[in-house]
Amino acid sequence: MTRLGFVVNLDACCDHRGCMTACMRKNGSFPGAHFIETYTAMDTSGDIDNPGTYFIPIMCQHCDRPSCASACPHGVIRKRDDGLVVMGDTDPCVGCDGTPCLDACPYDAIEFDRKEHRPGKCDGCADLVDAGGMPECVPNCFMGAIAFGDMEDEASVVSQVVGQYGANAYRLKPETGNGPGVRYLLSRRPWRDMEGLYSPAWDDPQGQQ
């Protein structure tokens, strides 16, 4: 069974933000929205000789059990058979009471346009994938830190590299029970999950949650 997913090598990520630029260009996302956003995982240890700061791009985690989908009262968000979590027609969202999908996502991966009262998020560039291509962030990462493929295929690059990293392949907030599909590889710094994240990316306070 196919299980498409992202693998992000944090040992290689240098915060060039090519992934963010490509994503915004491809999706035409509303002002201040970042369907993938590179955060700085700040080191608070004070160890100058061995700094633990690293960069971590965060997008929709394409969970096995996406809480956003179950929270959506209109069925706008659904999980595909290949593992991608996609968002359909957002017209019903205009009449939605509050933002249940945003509230249900433990990764803050869903953006919200308050002017249009519509959510948006990474869908893994499902249209490009269906046409045999790759998500835009993959070829536009200057450091080649993002890979995408079938996690269930033992011969795939993503499956092999996750196997090579072993215990140094992580998932965000696994305790949520969502079963996040994105794997983060980190061997040169201590893994801190979503603790101490900072981003200088511009967010529109009128357009965001």
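**Close-up views of a predicted model**

By the distance rule applied to this predicted model, the count of salt bridges comes to six. The views below take up some of these pairs, then an open sheet, a buried aspartate, a glycine in a loop and the nonpolar cores.

**View 1. Salt bridge between D15 and R17.** The closest N and O atoms of D15 and R17 are 2.9 Å apart, and the two residues form a salt bridge. D15 has a relative accessibility of 21% and counts as partly exposed. R17, with a relative accessible area of 18%, is buried. The cut-off for buried is under 20%, so D15 at 21% is classed as partly exposed and R17 at 18% as buried.

**View 2. Salt bridge between K26 and D127.** In this pair the closest N and O atoms lie 2.7 Å apart. K26 belongs to helix 1 (residues 18–27) and D127 to helix 4 (residues 126–130), so the salt bridge ties together parts that are 101 residues apart in sequence. Both ends are partly exposed: K26 has a relative accessibility of 27%, and D127 has a relative accessible area of 44%.

**View 3. Salt-bridge network of R80, D82 and D130.** These three residues are linked in a network of salt bridges. Within the network, D82 forms a salt bridge with R80, with 2.6 Å between the closest N and O atoms. D82 and R80 are both buried.

**View 4. Open sheet of four strands.** The strand order in this open sheet is 8-1-10-9, and the pairing is mixed. Strand 8 (146–150) and strand 9 (169–170) are at the edges; each has a single partner strand, so one side of each is left without a neighbour in the sheet. Strand 9 runs antiparallel to strand 10 (residues 183–185), and two bridges join them. Y170 has Y184 in strand 10 as its bridge partner.

**View 5. Surroundings of D11, a buried acidic residue.** D11 is located in the loop between strand 1 (4–9) and helix 1. Although buried, D11 has no salt bridge; R188, the nearest side chain of opposite charge, is 4.4 Å away. A salt bridge requires the two charged groups to be within 4 Å, so the 4.4 Å separation of D11 and R188 does not qualify. The side chain of D11 does make a polar contact with the side chain of Y165, at 3.1 Å. Leaving out residues up to four places away in sequence, D11 touches Y165, L185, L186, S187 and R188.

**View 6. G32 in its loop.** G32 is placed in the loop between helix 1 and strand 2 (36–41). G32 is buried, with a relative accessible area of 3%. From G32 to L186 the C-alpha to C-alpha distance is 29 Å, and the two residues are 154 residues apart in sequence.

**View 7. Nonpolar cores.** In soluble globular proteins, nonpolar side chains tend to be buried together. The largest nonpolar core here has 54 residues, of which F6, I56, I146, Y184 and W191 touch the most other members. Strand 3 (residues 54–59) gives the most to this core, with four residues. Not counting neighbours within four places in sequence, I56 is in contact with L10, E37, T38, Y39, A41, L172, Y184, W191 and L197. Another core, of six residues, lies apart from the largest one, and its members include M151, V158, V161 and V162.

Definitions and conventions
Residues numbered from 1 in each chain as written. Predicted model: local features only at pLDDT ≥ 70, side-chain atom pairs only at ≥ 80, totals over all residues. Heavy atoms only, no water. Pairing = 2+ DSSP bridges. Buried < 20%, exposed > 50% of the residue type's maximum accessible area, 1.4 Å probe, protein only. Lys, Arg positive; Asp, Glu negative; His and termini not counted. Polar contact = N/O pair within 3.5 Å; in protein donor to acceptor, adjacent residues only side chain to side chain. Contact = heavy atoms within 4.5 Å. Core = buried A, V, L, I, M, F, W, Y, C linked by side-chain atoms within 4.5 Å.
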